[in-house]
Amino acid sequence: MIKDVLLQLLFALMPFVAYNIYYRKLTVNYSRNFIILICSLCMLLSMTFASSVQSGLIFDVRYVIMFFGILFGGFMTGAILLIEFLIYRLHIGGSGMIDAIIILIITFPLSVLLATLYHKSKHKFWIVFIAGISFSLIPLLVLYITKPDYILSHFIFNVLVMPVHNSLGIWLLVTLFNKSVSDKELYLQYIQNEKAEAVNHVAASLAHEVRNPLTTVLGFLQLIKSGTFPQEKTDRFLEISMEEIRRTEQILSEYLSISKPLVPFQQKLELTAQIRSVVELMSSYANMSNITLSADYPELPVYISGSPAELKQLLVNFIKNAIEASRDVDKGCVNIRIYEEAEQVAIEIQDNGIGMNPEQLSRLGSIYYSTKMSGTGLGLTFSYQAIRAMDGSVSVRSSPRSGTVFLITLPLAATDP
């Protein structure tokens with residue numbers, strides 16, 4: 001009996017486990033398709049390996065899965081699970097088939113009602129409590145009316161198994177899943193806030209950076225308008241003006257690529273070009289902070305697999321942190337170096353800033369931890385997760401007042417045949 005109960009509770013908790021595994025590295029929250037798929041699988045498994053003490057009468061966590069599916073996937077998900085249950089229960093057959101259908105006729109509309117109340121009510125715990133008690137008592141009551149001898153003959157089994165399956169199963173699944181979803185939403189919200197902060201800082205320096213070429217272009221246009229220069233010099237003025245406009249356009253394009261929403265899309269990337277564009281974008285921010293930003297690029301192209309949006313965002317996070325860590329030192333500088341080693345490419349980001357102590361290093365990358373007074377730590381948390389999603393790794397060396405070195409290692413993309 002204990003083994004059967006534990007197995008059913010495992011099936012009940014499968015949506016929670018699957019969610020934490022599948023969505024752990026993604027920058028999106030769960031979808032209805034995920035709820036439909038995982039609930040359908042859980043219902044199928046729970047009914048296949050159901051608890052039973054009499055042939056034809058099976059007990060599983062179908063009501064838990066049904067309520068959960070409606071709660072997080074909506075009525076359409078519940079309707080799909082209802083059809084799945086009816087088809088599979090008719091296939092299993094047995095003396096309890098009619099009773100199971102009667103119970104479902106009662107519990108399905110009750111699940112819809114309780115799910116609706118759950119989303120509207122502030123007292124969500126009591127809705128979950130009522131659902132667990134209801135889905136435990138209704139099957140017992142129906143079976144007692146239709147099969148009283150069975151209930152009395154297996155009294156301990158029925159009194160213990162049904163409440164544990166449904167009451168404990170619903171409470172565990174809804175509570176744990178809701179907590180994971182809430183944490184994920186909070187994490188995504190902080191990621192967007194951290195990203196917005198980075199974009200705002202870059203925008204402030206970008207305005208200064210863009211003003212310079214526009215001033216240059218305006219000056220040359222005024223000289224051309226005067227008409228006092230020969231055609232050769234006028235052509236040269238026009239050439240310089242167009243060059244400055246193209247540079248401004250490139251800077252703005254890179255800024256927009258950073259500020260737009262992240263889209264997790266894996267493709268083959270030329271790493272040097274990606275880093276070069278981010279360095280050019282962050283140069284104005286470094287200049288405003290009186291920091292020297294430099295980069296050493298490899299002579300040959302280096303290819304990796306990853307999301308261009310996520311790669312740019314994590315590079316912005318690391319470089320921005322390095323710049324801010326070097327503000328309070330004389331002649332602050334940040335250097336980026338890219339080199340290949342053993343089927344991998346290493347990106348080394350080194351600064352001569354304030355550094356970190358061993359305790360700070362041990363907590364670096366943990367969610368909500370930051371060495372900055374106004375920081376949330378979500379920027380580096382996102383960066384670490386994005387690097388792991390590309391099968392990469394991050395290591396860091398630092399000591400107080402001696403700067404910091406971040407080493408990002410990524411696998412090289414497979415060469416085309």
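These are my notebook entries on the cores, cavities, pockets and strands of this structure.

**Entry 1: the model**

I am working from a predicted model.

**Entry 2: the largest nonpolar core**

I began with the nonpolar cores. The largest one has 43 residues. I looked up which of them have the most contacts inside it, and found Phe 67, Ile 170 and Phe 177. Next I asked which elements give two or more residues to this core. They are helices H1 (2-22), H2 (32-48), H3 (62-73), H4 (75-92), H5 (97-120), H6 (124-146) and H8 (155-226). H3 gives the most, with nine residues.

I then listed the contacts of Ile 170, leaving aside its neighbours within four places in sequence. Ile 170 touches Val 64, Phe 67, Val 128, Ala 131, Gly 132, Phe 135, His 165 and Thr 175.

A second core is separate from this one and has 39 residues. Leu 269, Met 282, Ala 286 and Ile 347 are among them. I note the general background: in soluble globular proteins, nonpolar side chains tend to be buried together.

**Entry 3: the largest cavity**

How many cavities of 30 Å³ or more does the structure hold? I count five. The largest has a volume of about 130 Å³. Its lining comprises 15 residues. Nearest its centre lie Ile 58, Phe 59, Arg 62, Tyr 63 and Ile 103. Strand E2 (57-59), H3, H5 and H6 each give two or more residues to this lining. By class, I logged nine nonpolar, two polar and four charged residues there.

**Entry 4: Phe 59**

Phe 59 lies nearest the centre of that cavity together with four others, so I followed this residue up: it counts as buried because its relative accessible area is 5%, against a cut-off of under 20%. Phe 59 sits in strand E2. Leaving aside neighbours within four places in sequence, I find Phe 59 in contact with Gln 8, Ala 50, Ser 51, Leu 143, Tyr 150, Phe 157, Asn 158, Met 162 and His 165. I checked one of these pairs by C-alpha distance. Phe 59 and Asn 158 are 99 residues apart along the chain, and their C-alpha atoms are separated by 9.2 Å.

**Entry 5: the second largest pocket**

I turned to the pockets. The second largest holds about 250 Å³ of space. It is lined by 10 residues. Which of them lie nearest its centre? I noted Asn 20, Tyr 23, Arg 24, Lys 184 and Gln 385. H1 and H8 each supply at least two lining residues. H8 gives the most, with four residues. The classes in this lining are four nonpolar, three polar and three charged.

**Entry 6: strands E6 to E9**

I started with strand E7 (residues 344-351). Is E7 mostly covered or mostly open? E7 is mostly covered, with six of its eight residues buried.

Strand E6 (residues 333-341) pairs with E7 in the antiparallel sense over eight bridges. I found Glu 340 opposite Val 345 in E7. The hairpin of E6 and E7 has two residues between the strands, and Ala 342 there takes a positive phi near 50°.

E7 also joins E9 through eight bridges, and these two strands run antiparallel. Gln 344 has Pro 411 in E9 as its bridge partner.

Last, I looked at strand E8 (residues 393-398) and strand E9 (residues 404-411). They run antiparallel, joined by six bridges. Ser 395 has Leu 407 in E9 as its bridge partner. Five residues lie between the strands of this hairpin, and Arg 401 takes a positive phi near 65°.

How values were computed
Residues numbered from 1 in each chain as written. Predicted model: local features only at pLDDT ≥ 70, side-chain atom pairs only at ≥ 80, totals over all residues. Heavy atoms only, no water. Core = buried A, V, L, I, M, F, W, Y, C linked by side-chain atoms within 4.5 Å. Buried < 20%, exposed > 50% of the residue type's maximum accessible area, 1.4 Å probe, protein only. Contact = heavy atoms within 4.5 Å. 1 Å grid on protein atoms, 1.4 Å probe; cavity = no way out; pocket = protein on both sides within 12 Å on 5 of 7 lines; lining within 4 Å. Points joined across faces, edges and corners; volume = space filled by probe spheres on them. Nonpolar A, V, L, I, M, F, W, Y, C, P; charged D, E, K, R; others polar. Pairing = 2+ DSSP bridges.
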